[in-house]
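Welcome, and please open your viewer. We will go from stop to stop, with something to select at each one.

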Amino acid sequence: MPIAEQLIRIQCPLCGNSTPVEIVQKGQFGLDCCVSICPNDGLVYLNPRWSKERYHYFYQHEYDHYYRSPVTHDPNSETNYASIKKIYQRLDLNHLSLQGESVLDVGAGMGYSLIWLKNNIPSFTRFSAIESSEYCLNHMKQHGGIEIIANDLDKDFESSAFDFIVMRHVLEHFMDPIRALKKIASLMQPDSLLYIAVPDMMHPKGDLQNYWFRTVHTFYFSEHTLLATALRAGLNPIVIGSENSELWGVFKLSSSSVPVEKDNNVMAKQLAVILNYHQ
Ligand SMILES: [Zn+2]
């Protein structure tokens, strides 16, 4: 029973602004996708947008149909391990070795990243996942050794801290990314590493309206807005990079509160990227 689509107005999570500049109203697959940009900090986000309940239903029952390609069903396909290998390579190039015993994959999908870590990083002994898709949860349950700690980060759950946390292409899906990262920060210790990758709104690719802008992406980060979001959640960047329209970074808990650097040009730069974009 798909819940009726009811659009809800929100405030910019970075500054509280409630009068963003609206860019488009429909996105990929012709679904509701009111892309807006905050005039204060250049944050691109959906406003208004679906309710939390509508999104939850979509992730549980409809997301796989739109977004999970047939290749993900084949555990022998190397494609399924490409993203975790890329993470490993990026950490390695920046002299950040994967150490520790416990790893949490937020938005773990079919669990392939955890399976790869299990087979390739001997020090890891605890493999945990947060995932909403019932199909994926069943797949992970069949692969012994993966602990499902929640089907939604926003729900209450108990867990000890992790040495390494992966949030690959998930932060752009949350209803409140600062709250999500604060929850993640509560699962970290001083030496824990958090890897985040999101689509880079300063370097989009494909057709904006029929590919890049999509209902499931409630936020579209640039380096500036990702750092501002992380700092507000008590996380400091160790390294940050952008390749092939993907913005990524490794973060640690911050020992002191770092002020968010104000850059009044972000809004203008971000708007120019969108208005001047040609596929
Ligand atoms: Zn704002």
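Is threonine 215 buried or exposed? Select threonine 215 and turn on the surface to look for yourself. This is a predicted model, and in it threonine 215 has a relative accessible area of 3%. Residues count as buried when that value is under 20%, so threonine 215 is buried.

**Around threonine 215**

Keep threonine 215 selected and follow the chain on either side. The residue sits in the loop that runs between helix H7 (208-212) and E9. Now show what surrounds this residue. Apart from neighbours within four places in sequence, threonine 215 contacts Leu31, Asp32, Cys33, Leu46, Trp50 and Tyr55. Zoom in on aspartate 32 from that list: its backbone oxygen is reached by the side chain of threonine 215 at 2.8 Å. For a wider view, add arginine 54. Its C-alpha atom and that of threonine 215 are 11 Å apart, although 161 residues separate the two along the chain.

**The four-stranded sheet**

Next, switch to a cartoon view and find strands E1, E2, E3 and E9. They make an open sheet in the order E1-E2-E3-E9, and the pairing is antiparallel. Which strands form the edges? Those are strand E1 (21-26) and strand E9 (219-220), each of which pairs on one side only.

Select residues 32-37 and then residues 44-46. These are strands E2 and E3, which run antiparallel and are joined by three bridges. To see one particular pairing, pick serine 36: its bridge partner in E3 is tyrosine 45. Then add residues 266-275, which form helix H9. This helix packs on the sheet and touches E1, E2 and E3, and its direction makes about 140 degrees with that of E2.

**The zinc site**

Now select the zinc ion. Which residues coordinate it? Cys12, Cys15 and Cys38 each provide an SG atom, and Asp41 provides OD atoms, at 2.2 to 2.7 Å. Along the chain, the donors have the spacing C-x2-C-x22-C-x2-D. Colour cysteine 15 and aspartate 41 to see how distant parts of the chain are linked here: cysteine 15 belongs to the segment before E1, aspartate 41 to the loop between E2 and E3, and they are 26 residues apart. Cysteine 15 is partly exposed, at 36% relative accessible area, while aspartate 41 is buried, at 11%.

**Salt bridges**

The whole structure contains 10 salt bridges, and we can visit a few of them. Begin with aspartate 152 and lysine 52, whose side chains meet at 3.0 Å, N to O. Aspartate 152 is in the loop between strand E6 (146-150) and strand E7 (162-168), whereas lysine 52 is in helix H1 (residues 52-61), so to speak 100 residues away in the chain. Aspartate 152 is buried, with 8% relative accessibility, and lysine 52 is partly exposed, with 30%. Add Asp154 and Arg179 to the selection, and you have a network of salt bridges that links them with Lys52 and Asp152.

For another pair, select glutamate 78 and lysine 85, which form a salt bridge at 2.8 Å, N to O. Lysine 85 is partly exposed, with a relative accessible area of 36%.

**From glutamate 147 to serine 128**

Move on to glutamate 147, which makes a salt bridge with arginine 126; their closest N and O atoms are 3.3 Å apart. Glutamate 147 is in strand E6 and arginine 126 in strand E5 (residues 126-130), so this pair ties together parts 21 residues apart in sequence. Glutamate 147 is partly exposed, at 34%.

Leave glutamate 147 on screen and select serine 128, found in strand E5. The two side chains are joined by a polar contact of 2.4 Å. Serine 128 is buried, with a relative accessible area of 0%. Among the residues it touches, not counting those up to four places away in sequence, are Val103, Leu114, Ile149 and Phe162.

**Last stop: helix H8**

Finally, select residues 223-232, helix H8, where the buried residues are Thr225, Leu226, Ala228, Thr229, Ala230 and Leu231. They pack against helix H6 (177-185), strand E8 (188-199), E9, strand E10 (235-243) and strand E11 (246-253). Just past the helix, pick glycine 234, which has a positive phi near 85 degrees.

How values were computed: Residues numbered from 1 in each chain as written. Predicted model: local features only at pLDDT ≥ 70, side-chain atom pairs only at ≥ 80, totals over all residues. Heavy atoms only, no water. Pairing = 2+ DSSP bridges. Helix = DSSP H or I, 4+ residues; strand = E, 2+ residues; numbered from the N terminus. Contact = heavy atoms within 4.5 Å. Axes fitted to C-alpha atoms, helices over the stretch in contact; angles between N-to-C directions. Buried < 20%, exposed > 50% of the residue type's maximum accessible area, 1.4 Å probe, protein only. Polar contact = N/O pair within 3.5 Å; in protein donor to acceptor, adjacent residues only side chain to side chain. Donors = N, O, S within 2.8 Å, 3.2 Å for Na, K, Ca; no water. Salt bridge = Lys/Arg side-chain N within 4 Å of Asp/Glu carboxyl O.
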